Amino acid sequence: MNPLQFLRLLFKGPTPQQMAAQLRKPHGFMARKVGERMNAVNRSLYQGAWEALDLRDGMRVLEIGFGNGRFFGELIGQAKDLKLHGLDFSKEMVEQASAQNAALIANGTLSLSLGPSDRMPYPDALFDRIFCINVVYFWEDPATHLGEVRRVLKPGGTFITVLRTRSSMEKLPFADHGFTKYEQADWEQVLRANGFIPSATTVLREAEVEFLGSRFTPESLVMTASVA
Ligand SMILES: C[S@@+](CC[C@H](N)C(=O)[O-])C[C@H]1O[C@@H](n2cnc3c(N)ncnc32)[C@H](O)[C@@H]1O
């Protein structure tokens, strides 16, 4: 960032392009604030994911794109003896999530990795559950990411995608910059084309939120799928 861009950011706030780039991959000095704002506006999406996960004792669970990792501490209490894993390609998010979840990491219940979801650092058939929230908009070629999800999911496991609908995203100026937007039928089609069977979808109508100057009442989808 050159000095002019920095001054603009300081006095006028981020442009929609800068915001989009931060949401795709939080980085630099804005990363902490972006992580905290995501926590505030996305809590209900996490609650929707936890219900869909339908966890049993002893399961191994992966979250792709965990942001600052604020919610692992709540997820761990949802069943006994869970093993949690997180994968995120933002160095800043992995650092913040590691600091925030130091106790879970130290006692061996949480393991965080830095890396992209189209090349996952896990052996085949490791996870009972995989979920991601507000991540699939950024997958330019969903087939490669979904191929990896299929590979590391156990037979009989489930994959939960949580995303805001295209009609909600269209109200956000930053979502014009590098986001692929989906309605329910669009994402179901992508799942089917990549070897998944969608089995249940819950529509979340959220409370009105303010996100960086925009007020809106978003609608999100919590979509459960298994391997065909
Ligand atoms: C919009 S944020 C969502 C964070 C959190 N899940 C939430 O909903 O509040 C997207 C997160 O996914 C991560 N991410 C995006 N694409 C990714 C990829 N291909 N592989 C790994 N992490 C990715 C970003 O670094 C970021 O932390």
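**The ligand site and residue N134**

The ligand occupies the largest pocket, a pocket being an open set of points on a 1 Å grid over the protein atoms alone, with protein on both sides within 12 Å along at least five of seven lines; a molecule sits in a pocket if more than half of its atoms lie within 2 Å of its grid points. The model is predicted, so that local features need pLDDT of at least 70 and side-chain atom pairs count only at pLDDT 80 or more, while totals for chains, interfaces and linings use all residues. Residues are numbered from 1 along each chain as its sequence is written, and side-chain values use heavy atoms, with hydrogens and water left out.

The shell around the ligand comprises 23 residues, of which N42, Y46, G65, D88 and I133 come nearest (near: a heavy atom within 4 Å). The helix α3 provides the largest share of this shell, three residues.

An oxygen atom of the ligand lies 2.9 Å from a polar side-chain atom of N42. Nitrogen atoms of the ligand are placed 3.0 Å from a polar backbone atom of S117 and 2.9 Å from a backbone N or O atom of I133. The ligand taken alone exposes 600 Å², and the protein buries 97% of that (Shrake-Rupley method, 1.4 Å probe).

N134 is located in the loop between β4 (127–133) and α7 (142–152). N134 counts as buried because its relative accessibility is 14%, the limit being under 20%. The side chain of N134 forms polar contacts (N or O atoms within 3.5 Å) with the side chains of N42, at 3.4 Å, and Y137, at 2.5 Å.

Terms used: A polar contact is a pair of N or O atoms within 3.5 Å; within protein, one must be able to donate a hydrogen and the other to accept it, and residues adjacent in sequence count only if both atoms are side-chain atoms. On a 1 Å grid over the protein atoms alone, a cavity is a set of points where a 1.4 Å probe fits but cannot get out, and a pocket is an open set with protein on both sides within 12 Å along at least five of seven lines; lining residues have an atom within 4 Å of a point. Helices (H or I, at least four residues) and strands (E, at least two) are DSSP runs, numbered from the N terminus. Buried means under 20% relative accessible area, exposed over 50%, partly exposed in between (1.4 Å probe, protein chains only).
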